[in-house]
Amino acid sequence: VCSPEFENNLSLAFIALTDGNVVDACFGVGGCGRNGSTQAKNIIREAKNLLRNAGDSSESIKHLAVGAYGRSFDAVIEYRKNIAMKNRFGSCSKAKTIRKAAEENLSDAFVPLLEALELTP
């Protein structure tokens, strides 16, 4: 059983996904004059609706969704740190390895959510 504070934060974080611009930013849409393509906007709308509807019927979906996006942001932060270190001390050949690891981490971040939504990861 989660504390009321955790549940309030979870609700706020989930609303940021479904009604805010978190998903938009992940698709490179919004902010800094980036309007994005019609296709990207449609995908974003569909993703938000899917999350919203699933979250309405299952509290665990909210946990999985917030966790997935949190882990994806962690993966991006780790990627940027590793690239910065490579630029200081490493060779250019390491960039491909760092990028591949980051892509795998991003993909892995969403597996539990995709499985719960019965989508193929």
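A salt bridge is counted here where a side-chain nitrogen of Lys or Arg lies within 4 Å of a carboxyl oxygen of Asp or Glu. By that rule lysine 48 and aspartate 24 form one in this predicted model, since their closest N and O atoms are 2.7 Å apart. The pair links distant parts of the chain, with lysine 48 in helix α3 and aspartate 24 in helix α2, 24 residues apart. Lysine 48 is buried, having a relative accessible area of 11%, and aspartate 24 also counts as buried, at 16% relative accessibility.

**Salt bridges**

A search of the whole structure finds five salt bridges, among them the three in the table below.

| Salt bridge | Closest N to O distance |
|---|---|
| Lysine 48 and aspartate 24 | 2.7 Å |
| Arginine 52 and aspartate 19 | 2.9 Å |
| Lysine 100 and glutamate 104 | 3.1 Å |

Arginine 52 lies in helix α3, which spans residues 38-57, while aspartate 19 sits in the loop between α1 (4-18) and α2 (22-26), so their salt bridge ties together parts that are 33 residues apart in sequence. Arginine 52 is partly exposed, with a relative accessible area of 24%, whereas aspartate 19 is exposed, with a value of 51%. Lysine 100 and glutamate 104, by contrast, both belong to helix α5 (residues 93-116), where they are four residues apart, about one turn of the helix; glutamate 104 counts as partly exposed at 41% relative accessibility.

**Nonpolar core**

In soluble globular proteins, nonpolar side chains tend to be buried together. The largest nonpolar core in this model has 17 residues, and those touching the most other members are Leu17, Leu51, Ala65, Tyr69, Phe110, Leu113 and Leu117. Helices α1, α2, α3, α4 (59-89) and α5 each give two or more residues to this core. When neighbours within four places in sequence are left aside, leucine 51 is in contact with Phe14, Leu17, Thr18, Ala65, Tyr69, Leu113 and Leu117.

**The aromatic pair**

The count of aromatic pairs comes to one. It is made by tyrosine 69 and phenylalanine 110, whose ring centres are 5.0 Å apart and whose planes stand at 85 degrees, so the pair is edge-to-face, the cut-off for that class being over 60 degrees. This pair, too, links distant parts of the chain, because tyrosine 69 lies in helix α4 and phenylalanine 110 in helix α5, 41 residues apart. Tyrosine 69 is buried, with a relative accessible area of 11%, and both tyrosine 69 and phenylalanine 110 are among the core residues that touch the most other members.

Notes
Residues numbered from 1 in each chain as written. Predicted model: local features only at pLDDT ≥ 70, side-chain atom pairs only at ≥ 80, totals over all residues. Heavy atoms only, no water. Buried < 20%, exposed > 50% of the residue type's maximum accessible area, 1.4 Å probe, protein only. Core = buried A, V, L, I, M, F, W, Y, C linked by side-chain atoms within 4.5 Å. Contact = heavy atoms within 4.5 Å. Phe/Tyr/Trp six-rings, centres within 6.5 Å; stacked < 30°, edge-to-face > 60°.
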